[in-house]
Amino acid sequence: LDVWNIIDGFSNIRFYAQFLSWTLPFILAYAYLNTKERHRTLLLSIVVASWTLVLMSGTRAFIFGILCSLFSAALFTPKLWINYAKGLLITGSFGLLGYFLLIYLLPLLIGIDNSLAVNSTANRDFTNSSGRIAIWQDTLTIIINHPFMGIGPMMTAMDGILDDVAHPHNFPLQLAAEWGIPFATLILLSFIYAGIHWRNAIKEDPTHRESLALPITVATSSA
C-alpha cells in the first residue's frame, strides 16, 4: 500500500495537497450555503473523501492553509465562521476515520503490507524542515546581496542558485529575491489594501454578502 501510487496524476504528491488547499475549503463553504439537501450531502462526501486523501498524502502545508482559512473566515465573515469551523471539524474527523480505515484496517483485513503508507504519513518526522531552513537562508543571502532589483523573475530556478530546488518554497522570500525588496513591499501593501476594502465591502451588507464572500475568502486565504 503506497500512497504515491494511490494519489496519481501529479508530478509530486504535494501538488495534490496544494490543489485541495483551495478546493476543499471552497466546496465546504459552498455546501453550507443555500444548497439543496441532496447536493449538500454529495458536496460533504467529496470533502470527507478529500480529507482522507490529503491526510494520506502526509503534507503539512495543507493543514497550515486550513488554519489560515479559519482565521480569514473569522476576520472577513464573522457571522458564518463558526459554521465553517464546525464543518471543518466534522468533515475532518470523518476524513481522519477514513484515513485509519484505509491505512490500518483495510490492509489488515486483506493482508497487504502498509509500511510504505505508514512511513510516509503517521511515522513521518513532521518536525523536519526537509531542507527548507537552509533554502530560506540562501534566499535571504540573495536578498541581502540584491536588495533593490533582485536577481530577476524565476531566476531562483536557475542551476546553482539554490542547489537542487527550483524555488525558495516561500512566496514572500521568492518575490523579494527575484524582484527586489521595494517591489515585494509594494505587493504586500497591495494585498493589505485589497483585504481592507474586501472586509469593508462585506460589512456594508453582511446579511447578503457574507454568504457569497465566505467560499471565496476561505479558498483564497488557504491557497
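This passage describes a helix pair, the aromatic pairs and a salt bridge in a predicted model.

A good place to begin is the packing of two helices. Helix H7, covering residues 132–145, packs with helix H8, covering residues 171–179, at an angle of about 30 degrees. The axes of H7 and H8 lie 8 Å apart, and the crossing of these two helices is left-handed. On the H7 side, the residues in contact are Trp 136, Thr 139, Leu 140, Ile 142 and Ile 143; on the H8 side, they are Leu 173, Ala 176 and Ala 177. Sorted by class, the contact of H7 with H8 comprises seven nonpolar residues and one polar residue, with no charged residues. The polar residue is Thr 139 of H7.

Attention can now turn to the aromatic side chains, for which the count comes to six aromatic pairs. One of them joins Phe 19 and Trp 22, with 5.8 Å from centre to centre and 80 degrees between the planes. This pair is edge-to-face, because planes over 60 degrees apart count as such. Both residues belong to helix H2, which spans residues 13–31. Phe 19 and Trp 22 are three residues apart in H2, so about one helical turn separates them. Each partner is partly exposed: Phe 19 has a relative accessible area of 38%, and Trp 22 has one of 42%.

A further pair is made by Tyr 99 and Phe 100. Their ring centres are 5.3 Å apart and their planes stand at 75 degrees, so this pair, too, is edge-to-face. What sets the two partners apart is their accessibility: Tyr 99 is buried, at 6% relative accessibility, whereas Phe 100 is partly exposed, with a relative accessible area of 41%. Tyr 99 and Phe 100 also belong to one aromatic cluster, together with Tyr 104.

Finally, there is the matter of charged side chains. The count comes to one salt bridge, and the partners are Arg 209 and Glu 204. Their side chains meet at 3.2 Å, taken from N to O, and this pair qualifies as a salt bridge because the distance falls within the 4 Å cut-off. Glu 204 is exposed, with a relative accessible area of 62%, while Arg 209, at 36% relative accessibility, counts as partly exposed. Neither partner is buried, because that class requires a value under 20%.

Methods. Residues are numbered from 1 along each chain as its sequence is written. This is a predicted model: local features need pLDDT of at least 70, side-chain atom pairs count only at pLDDT 80 or more; totals for chains, interfaces and linings use all residues. Side-chain values use heavy atoms; hydrogens and water are left out. Buried means under 20% relative accessible area, exposed over 50%, partly exposed in between (1.4 Å probe, protein chains only). Axes are lines fitted to C-alpha atoms, for helices over the stretch in contact, and angles run from 0 to 180 degrees between N-to-C directions. Helices (H or I, at least four residues) and strands (E, at least two) are DSSP runs, numbered from the N terminus. A crossing is left-handed if the near helix is turned anticlockwise from the far one by less than a right angle, and right-handed if clockwise. Contact means heavy atoms within 4.5 Å. Rings of Phe, Tyr and Trp (its six-membered ring) pair if their centres lie within 6.5 Å; planes under 30 degrees apart count as stacked, over 60 as edge-to-face and the rest as tilted.
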